[in-house]
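Work through the exercises below with the structure in view. Try each task before reading its solution.

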Amino acid sequence: PVVFNTLIELSQKYDELFIQSPYLIINNEMKKYLNDLENKDITILTNNLDYNPNYFATSGYIRYRKKIAQNTKLYEFQSQSSIHAKTIVMGDEISIIGSFNIDPRSTFLSTESVVVIYSQEFTAHLNNTLSQYLNQSLEVDDDGNYISKINVEAVNKRNGKRKIIRLLSFFTYFHDELL
């Protein structure tokens, strides 16, 4: 997992990390590499369950969602559209943009690429853009519920979609590496 290891190594000197990914699937194999991040202030921005267009990936994410929320500040974008960007910000000087999703498939199977930009000016500009998405997002608490926020409404639940995602999660449980 060259890209994943490089990202972990780069993050060592930073106390704050911001991760934007369309979904997250952090399986047991990936957790082995993440021990060094336990004392970091990590903020994650991803899609909400109801409007993420990738049913299979969402079926994996839904199994890890509460655990991720317990260990990070997890935000879900509240829109009927979705975000597809894969971005990492480390401190106020490193921006990483590429094709790398935070999931086992990108980590261990697919060939992914990222661009690492070392620039305080670029990172400040990127943070301004990311804050616009955060302003339209709600934080997920340890129980998987949204923490209310002034001027941000949770998108309408799509119970039919949630049922399909939960059903899929039983089938995809053994295939996280392919999601």
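Axes are lines fitted to C-alpha atoms, for helices over the stretch in contact, and angles run from 0 to 180 degrees between N-to-C directions. Helices (H or I, at least four residues) and strands (E, at least two) are DSSP runs, numbered from the N terminus. This is a predicted model: local features need pLDDT of at least 70, side-chain atom pairs count only at pLDDT 80 or more, and totals for chains, interfaces and linings use all residues. Residues are numbered from 1 along each chain as its sequence is written, and side-chain values use heavy atoms, with hydrogens and water left out.

**Exercise 1.** Find how helix 3 and helix 6 are arranged relative to each other.

Step 1. Locate helix 6 at residues 159–172 and helix 3 at residues 55–71.
Step 2. Take the axes: they come within 8 Å and cross at roughly 80°.
Step 3. Apply the classes: under 35 degrees is roughly parallel, over 145 roughly antiparallel, 65 to 115 roughly perpendicular, and the rest oblique. Helix 3 and helix 6 are therefore roughly perpendicular.
Step 4. List the contact residues (contact means heavy atoms within 4.5 Å). Helix 3 contributes residues including Tyr55, Phe56 and Ile62; helix 6 contributes residues including Ile164, Ile165 and Leu168.

**Exercise 2.** Is arginine 65 buried or exposed?

Step 1. Place the residue: arginine 65 is in helix 3.
Step 2. Recall the limits: buried means under 20% relative accessible area, exposed over 50%, partly exposed in between (1.4 Å probe, protein chains only).
Step 3. Arginine 65 has 8% relative accessibility, so it counts as buried.
Step 4. Look at its neighbours. Leaving aside residues up to four places away in sequence, arginine 65 touches Leu49, Leu74, Glu76, Val140, Gly144 and Tyr146.

**Exercise 3.** Trace the order of the strands in the open sheet.

Step 1. Read across the 8 strands: 6-5-4-1-2-3-7-8, with mixed pairing. Two strands pair if DSSP finds at least two bridges between them.
Step 2. Mark the edges. Strand 6 (114–118) and strand 8 (146–147) each pair on one side only.
Step 3. Check one pair: strand 1 (residues 16–20) and strand 2 (residues 41–47) run in the parallel sense over 5 bridges. Here phenylalanine 18 stands opposite threonine 43.
Step 4. Add helix 1 (residues 2–11). It lies across strands 1, 4, 5 and 6, at about 25° to strand 4.

**Exercise 4.** How many helices and strands does the protein chain have?

Step 1. Count them: 6 helices and 8 strands.
Step 2. Read the elements from the N terminus: α-β-α-β-α-β-β-β-α-β-α-β-β-α.
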